[in-house]
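Reader: I would like a close look at a single part of this protein, with enough of the whole chain to place that part.

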Amino acid sequence: MASPDQDLAPALDKDGVRLTVDDALATVTLTNPAKRNAQSPALWRALAEAGRLLPGSVRVVVLRGEGKSFSAGLDRQMFTPEGIPGEPTFIELARRDDAGLDAAITAYQEAFTWWRRNDIVSVAAVQGHAVGAGFQLALACDLRVVADDVQFAMRETSLGLVPDLTGTHPLVGLVGYARALEICATGRFVQAEEAVVSGLANLAVPAGELDGAVADLAAALLAAPRDAVVETKALLRGAADRTYDEQRAAERAAQARRLRDLAGVGE
């Protein structure tokens with residue numbers, strides 16, 4: 001799969017992650033197709049750094065993976081007794097006290113949390129396998145456009161673990177508790193048609209059209225005034241935690257800010 005950002009000088013390019021910025025559009029690319037963009041703590045640190053490096057001009061962030069798979073999940077070396085050189089093994093993590101283990105997982109989760117910031121809209125372009133940590137990374141984004149060969153799966157439970165990279169909250173929000181439980185507990189594959197019907201994906205297209213479809217969506221998102229998009233995203237993100245009347249009040253307050261801004265009237 002060709003990379004549409006290769007002609008831009010990267011703001012970050014290390015540990016399987018490349019960040020490029022073209023004015024209001026940033027692209028984060030997973031760059032280890034030989035390993036199907038398998039994930040490691042080093043990759044997670046690089047993803048978190050990419051979020052910190054975004055300039056204020058960025059409004060839309062596209063997340064993509066080079067090669068045939070978006071991300072096939074955790075680097076299998078993490079499951080071996082020796083683990084990944086320079087990183088704690090699963091056994092070493094298990095031997096830490098509660099505070100130490102919680103701190104380690106919190107640090108890993110930072111790679112997955114910044115994609116839903118109100119000041120950006122994030123779009124995952126997903127082809128091939130998006131398994132485990134790969135599924136959760138796609139779920140970290142606001143929107144997902146998938147190729148018709150996509151295969152989502154949450155395999156952590158099958159390995160005796162639980163999904164802990166922030167994927168459970170958006171998964172339940174998108175497909176509901178019962179479907180989320182069934183997907184996680186069975187570890188089965190969710191393919192393109194079901195992903196769209198269930199709400200996991202906004203759109204499915206032939207694999208060869210994925211980059212074009214994502215570019216069209218990014219352009220449409222950038223066409224709307226930035227502050228209106230930011231306020232709308234904040235309204236929608238908070239809706240689930242508000243009552244109907246609280247949401248009405250939040251709408252009124254947001255609209256008052258927009259009207260005053262458009263009219264050039266101070267608070």
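Author: What follows takes one strand, strand 4, and then sets it in the chain around it.

The model is predicted. Strand 4 covers residues 60-65, and six of its six residues are buried, so the strand is largely enclosed by the rest of the structure. Buried here means under 20% relative accessible area. In a regular strand the side chains alternate between the two faces of the sheet, so each face can be examined separately. On one side of strand 4 are V60, V62 and R64, and on the other V61, L63 and G65; these residues are all buried, which leaves both faces covered. The list includes an arginine, R64, which is buried along with V60 and V62 on its side.

Strand 4 also has a partner. Strand 3, residues 25-30, runs parallel to strand 4 and is joined to it by six bridges. Within this pairing, V28 stands opposite L63 of strand 4.

As for the surroundings, the protein chain contains 10 helices and 10 strands. Of its 267 residues, 44% count as buried. Among contacts with a separation of 6 or more, 69% are between residues 24 or more positions apart. The radius of gyration is 19 Å, which agrees with the value near 18 Å that a compact globule of 267 residues would have. Along the principal axes, the C-alpha atoms fill a box of roughly 65 × 45 × 35 Å. The accessible surface comes to about 13200 Å², and 55% of it belongs to carbon and sulfur atoms. The chain carries 27 positive and 36 negative side chains, with the centres of the two sets 2 Å apart.

How values were computed: Residues numbered from 1 in each chain as written. Predicted model: local features only at pLDDT ≥ 70, side-chain atom pairs only at ≥ 80, totals over all residues. Heavy atoms only, no water. Helix = DSSP H or I, 4+ residues; strand = E, 2+ residues; numbered from the N terminus. Rg over C-alpha atoms; globule rule 2.2 N^0.38 Å. Buried < 20%, exposed > 50% of the residue type's maximum accessible area, 1.4 Å probe, protein only. Contact = heavy atoms within 4.5 Å. Areas by Shrake-Rupley, 256 points an atom, 1.4 Å probe, with all protein chains shown as cover. Lys, Arg positive; Asp, Glu negative; His and termini not counted. Charge placed at Lys NZ, Arg CZ, Asp CG, Glu CD. Pairing = 2+ DSSP bridges.
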